[in-house]
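Reader: I've got the sequence and the coordinates open. Can you walk me through the reasoning behind the labels?

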Amino acid sequence: MTFSSETADTARLVRSASDVLRRAGVNTPEHNAKLLMAHAAGISLRDLDMIMLMGRDLPLSFDRAAYRVMIERRAAREPLQYIVGTAPFRYLEVEVGPGVFIPRPETEIVVQAGLDWLATVDVQHPRVVDLCAGSGIIGLSVAVEAPESNVWAVELSETTYTWTERNRQRVIHDHPDVADRYHLVLGDATADETLRDLDGSIDLVITNPPYIPESEIPEQPEVRDHDPELALYGGSADGLRIPERIIDRSATLLRDGGALVMEHDISQGDALCEYVLTHGFGEARTGNDLTGRPRYLFALKMAK
């Protein structure tokens with residue numbers, strides 16, 4: 001490895017680390033190098049940018065040896081979020097590591113769609129379910145941003161559940177009221193017995209289930225080699241098996257007129273709209289992400 005930890009100048013140290021990451025095929029290598037440097041110094045990225053702009057030295061808190069190890073890990077294509085231990089999402093930050101799916105920016109749009117719908121309906125204490133909770137970030141975001149809501153979150157993997165619980169505690173530390181309104185359940189999100197006592201009473205189901213077609217293995221090593229397979233693949237060649245089961249379970253959980261917002265692959269919009277309209281829902285459409293790609297299903301349960 002050509003990265004030199006002996007480089008004294010901050011800007012040159014960033015360039016050296018960026019070169020290592022660029023040769024390893026890492027996207028946005030300079031941003032990665034700077035973010036890891038800030039982490040190794042215990043300062044914000046904004047503070048690091050100011051240091052570089054002013055030509056100042058790094059603070060004594062900067063751990064050069066730790067930075068070298070971080071760059072080596074990132075060059076081996078370990079996810080950036082695993083290295084720093086956290087991932088930002090909307091107004092929160094959650095802990096992540098091996099065994100938990102890393103939140104993606106596109107899921108923020110899915111959460112916004114659910115919150116926007118809640119803002120249009122006259123429900124004083126909305127009841128929300130997050131199926132396939134993962135890190136917990138969807139349900140926790142709803143609990144924080146919709147302070148009158150009650151949220152139930154379901155996670156199947158015991159390994160992932162430990163991360164969900166850790167993040168529940170993290171959010172409660174800053175938002176104590178969430179403790180009584182966010183309910184975490186270990187179980188199968190598609191099973192009839194899971195949350196059975198809530199059937200017919202839920203206003204909104206918002207979910208990011210596994211949906212990647214099994215025929216389309218991700219090319220990025222960060223995804224393919226690190227995100228848990230249980231959180232990635234939709235259970236069939238077209239990836240629709242688990243999303244369809246989530247629709248079936250949501251149709252039972254939701255009250256008449258309740259909404260389902262579900263993230264999906266860009267190839268699945270039409271198929272899921274067709275499926276949902278024949279499985280208990282009377283209205284359906286596909287919503288786009290910030291790049292204009294079809295990213296989520298929005299559906300309203302049919303009134304009986």
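Reader: Which residue stands opposite Leu297 in β9, coming from β7?

Author: That's Met262. Bear in mind that this is a predicted model.

Reader: What makes β7 and β9 a pair?

Author: Pairing takes at least two bridges, and five bridges join β7 (residues 254-263) to β9. So they count as paired, and they run antiparallel.

Reader: How do you know that β8 pairs with β9 too?

Author: Set it against the cut-off of at least two bridges: seven bridges join β8 (residues 281-288) to β9, again antiparallel. Here Thr286 stands opposite Leu297. The hairpin of β8 and β9 has five residues between the strands, and Gly292 takes a positive phi near 85 degrees in that hairpin.

Reader: Why is β9 called largely enclosed?

Author: Buried means under 20% relative accessible area. Seven of the eight residues in β9 (residues 294-301) are buried, so the rest of the structure largely encloses this strand.

Reader: What makes a set of residues a nonpolar core?

Author: Its members are buried nonpolar residues joined through side-chain atoms within 4.5 Å. The largest such set has 37 residues, with Val142, Leu204, Ile206 and Val261 having the most contacts inside it. Helix α6 (residues 105-120) gives the most to this core, six residues. A second, separate core has 25 residues, including Ala189 and Leu253.

Reader: Which residues does Leu204 touch?

Author: Leaving out residues up to four places away in sequence, its contacts include Trp117, Leu118, Val129, Leu254 and Val261.

Key:
Residues numbered from 1 in each chain as written. Predicted model: local features only at pLDDT ≥ 70, side-chain atom pairs only at ≥ 80, totals over all residues. Heavy atoms only, no water. Buried < 20%, exposed > 50% of the residue type's maximum accessible area, 1.4 Å probe, protein only. Helix = DSSP H or I, 4+ residues; strand = E, 2+ residues; numbered from the N terminus. Contact = heavy atoms within 4.5 Å.
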